[in-house]
Amino acid sequence: MNMLLLDDYERRARLVPGLLAVLPLVVLFAVLGLRQIPAATYVTGTLALAGVGPALIAGAVRHFGKAAERQLWDSWGGPPTTAWLRLDAPSDDEGQRQLWRTAVETVSGVPLLSLRAERRDSAKADNAIKLAVKRVRDRTRDKEKFALLFNENRNYGYERNIYGLRWAARGVSVLSVLALAGYMKWLAPMTGRPRISAANLFGLAACGFCLVLWFLLPSKKRVRDAADRYADELLHAAVTFQDESASDHTGTAP
């Protein structure tokens, strides 16, 4: 039931990174036998069944991802779509940029500034581009019609959130490793349990693997590549939308 409260985007882009981040805590919970405590079992079970747990995880992950996104955009000079649609910026394909600008203006109904106007007021030019792109996004949210666009958006959200969570997730992994090591060294003998057991070694290895994974997975390059793929697909979706609209008008003309 809890999973049904989240849509496809939230499950892939937010919930999965969040679950990966808290996985060491789940391992720690299991190895230490805390699942046998009735109160702990009741609380976690209630949160899961009510859908509160996944919703809280998804919300926290979104917060971390958005914070990282703002920093990345500052280092990139803005979102890829803004950079690609600026006239006062280098372009590998001027014809492609003009095609995209025309489509974005047509689909959004927002006029983009000329080169002279851009140079006179770059902030105003960027704001016009951002507004136009937002309206394009709003008009291309049909998941069936723009399935590839939806997938690229979801992939970007996943990479961005993985990157935004990296330090928190690394901290969770480190603390879990230290907690398990401390348990094996001091607490296990005090409670009459063996220091070395299959469960303890598996838990230590799993938490260590999560720590290594969180140093390997997140990277600025992965986020940038995903952002570029999404931006490219969004602008091509604007061209497709414009062409289809033109065809519909032509077909209905008297």
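This passage describes the fold, the nonpolar cores, the largest pocket and a few individual residues of a predicted model.

We may begin with the overall architecture. The protein is built from 10 helices and has zero strands, so its pattern, read along the sequence, is α-α-α-α-α-α-α-α-α-α. Of the 254 residues in the protein, 39% are buried. Contacts that link distant parts of the sequence are well represented: when pairs at least 6 apart in sequence are considered, 76% of the contacts join residues at least 24 apart. The exposed surface amounts to about 14300 Å², with carbon and sulfur atoms supplying 62% of that area.

Turning to the interior, the largest nonpolar core holds 28 residues, and the members that touch the most others are L85, V104, V136, L149, Y156, V223 and L234. Helices α3, α5 (94-108), α7, α8 and α10 each contribute at least two residues to this core. Helix α10 gives the largest share, with 10 residues. Another core lies apart from this one; it has seven residues, including A21, V61, Y158 and L165.

A closer look at V104 gives a view of the main core from one of its well-connected members. Once neighbours within four places in sequence are set aside, V104 is in contact with L85, G109, A132, V133, V136, L235 and A238. Two of these partners, L85 and V136, are themselves listed with V104 among the core residues that touch the most other members.

T81 offers a second viewpoint. This residue is found in helix α4. Is T81 buried or exposed? T81 has a relative accessible area of 9%, and because buried means under 20%, T81 is buried. Beyond its neighbours within four places in sequence, T81 is in contact with I129, V133, A231, L234 and L235. V133 and L235 also appear among the contacts of V104, while L234 is one of the core residues that touch the most other members.

The largest pocket encloses about 820 Å³ of space. Its lining comprises 31 residues, and those closest to the pocket centre are Y9, R137, R141, N153 and Y230. Which helices give two or more residues to this lining? They are α1 (8-31), α3 (52-76), α4 (80-85), α7 (122-139), α8 (147-190) and α10 (220-252). In chemical terms, the lining divides into 14 nonpolar, four polar and 13 charged residues.

N153 is a convenient residue from which to explore this pocket, as one of those closest to its centre. N153 is found in helix α8 and, at 24% relative accessibility, counts as partly exposed. Apart from neighbours within four places in sequence, its contacts are Y9 and Y230, both of which are likewise listed among the residues closest to the pocket centre. N153 and Y9 are 144 residues apart along the chain, yet their C-alpha atoms are separated by 8.3 Å.

Other pairs also bring together residues that are separated in sequence. V22 has its place in helix α1 and is partly exposed, with a relative accessible area of 28%. Its C-alpha atom lies 7.2 Å from that of A169, although V22 and A169 are 147 residues apart in sequence. V174, found in helix α8, is also partly exposed, here with a relative accessible area of 35%. For V174 and C210, 36 residues apart in sequence, the C-alpha to C-alpha distance is 9.2 Å.

Terms used. Residues numbered from 1 in each chain as written. Predicted model: local features only at pLDDT ≥ 70, side-chain atom pairs only at ≥ 80, totals over all residues. Heavy atoms only, no water. 1 Å grid on protein atoms, 1.4 Å probe; cavity = no way out; pocket = protein on both sides within 12 Å on 5 of 7 lines; lining within 4 Å. Points joined across faces, edges and corners; volume = space filled by probe spheres on them. Helix = DSSP H or I, 4+ residues; strand = E, 2+ residues; numbered from the N terminus. Nonpolar A, V, L, I, M, F, W, Y, C, P; charged D, E, K, R; others polar. Buried < 20%, exposed > 50% of the residue type's maximum accessible area, 1.4 Å probe, protein only. Contact = heavy atoms within 4.5 Å. Areas by Shrake-Rupley, 256 points an atom, 1.4 Å probe, with all protein chains shown as cover. Core = buried A, V, L, I, M, F, W, Y, C linked by side-chain atoms within 4.5 Å.
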